[in-house]
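Dear colleague,

Please find the structure below, handed over for your own work. An account of what was found in it follows.

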Amino acid sequence: MQINVFSVILIILAALIIAALIKAVLGPRFTDRIVAVNCISTMVIVFILILSWYLKAEYLVDVAIIYALLGFTANLVLTRILLHKDQTPGKKKHRKGKGKEQEEENP
Amino acid sequence: MIVIIIAAALLIFSVFMFFSAVLGLYKFKYPINKMHATAVGDTLGLISAVIAIILLTGFSLTTLKLILIPVFAFLTSPVTTHLLAKTEVKFHGNKQGEYDEEEQ
């Protein structure tokens, strides 16, 4: 196996992805986690693009496009669920204590 | 040969941008500051990496697909940032300055 600049770049990107994943697990608030997952999504897209040239496999570009769509959809669904929590029917008291003040402020 | 050197330089630049994004993820404390740091990787890192891959592969039909990725990222990145900031302000807007002990 020959070592060149591109394999070193791939290794550094993998290390950065693992570091961001650790931060996504550790982050105290849920918005911290979503920001870290967003960063991971962009790095994985670049990783797949470099791999598509490195392996001479052009179909991996389609995989990168689908990964971009998937990251956007994940963000959209998570924030949609969190923002419109009060409007979901059936579940009223799933967030005790801190959530009650928010519900009273904007019913 | 010159093309490969330029592409390698662009890729190293993009990896440096991602490194700065992850560094900001570790250094900053509050989620809105972290969004500021990771937006660098989302725009400059992605676009320089895509230019490097276009230089490496040469012009073909795949180039159009490659151009589609940063266009899509530029359209969706402000939307996700706005929604995340809205969520953050809704749930932690009154205590942006400090973390709770229970929350850690």
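In chain A, 38% of the contacts with a separation of 6 or more are between residues 24 or more positions apart; two residues are in contact if their C-beta atoms, placed from the backbone, lie within 7 Å. For chain B, the corresponding share is 60%.

Please note that this is a predicted model, in which local features need pLDDT of at least 70 and side-chain atom pairs count only at pLDDT 80 or more, while totals for chains, interfaces and linings use all residues. Residues are numbered from 1 along each chain as its sequence is written, and chains are lettered from A and ligands numbered from 1 in the order in which they are written.

Chain A contains 4 helices and 0 strands, in the order α-α-α-α along the sequence. Chain B contains 3 helices and 0 strands, in the order α-α-α. Here helices (H or I, at least four residues) and strands (E, at least two) are DSSP runs, numbered from the N terminus. Of the 107 residues in chain A, 27% are buried; of the 104 residues in chain B, 34% are buried. A residue counts as buried if 20 or more other C-beta atoms lie within 10 Å of its own, as exposed if 12 or fewer do, and as partly exposed in between, with C-beta atoms placed from the backbone.

Helix 1 of chain A (residues 5-26) has 22 residues, which at 1.5 Å a residue should span 32 Å, and its end C-alpha atoms are indeed 32 Å apart. The expected span is 1.5 Å times one less than the number of residues. The buried residues of this helix are A:I9, A:L13, A:L16, A:A20 and A:K23. Seen down the axis of helix 1 of chain A, they fall within an arc of 75°, so they line one face of the helix; the arc is that of the directions from the helix axis to the C-beta atoms. Their cover includes helix 2 (30-54) of chain A and helix 1 (2-27) of chain B. On the face turned away from the buried side lie the exposed residues A:I11, A:A15, A:I18, A:V25 and A:L26.

Helix 2 of chain A also packs with helix 2 (residues 31-57) of chain B, at an angle of about 10° and with the axes 10 Å apart. Axes are lines fitted to C-alpha atoms, for helices over the stretch in contact, and angles run from 0 to 180 degrees between N-to-C directions. The two helices are therefore roughly parallel, a term for angles under 35 degrees.

Yours sincerely

Terms used
Angles under 35 degrees count as roughly parallel, over 145 as roughly antiparallel, 65 to 115 as roughly perpendicular and the rest as oblique.
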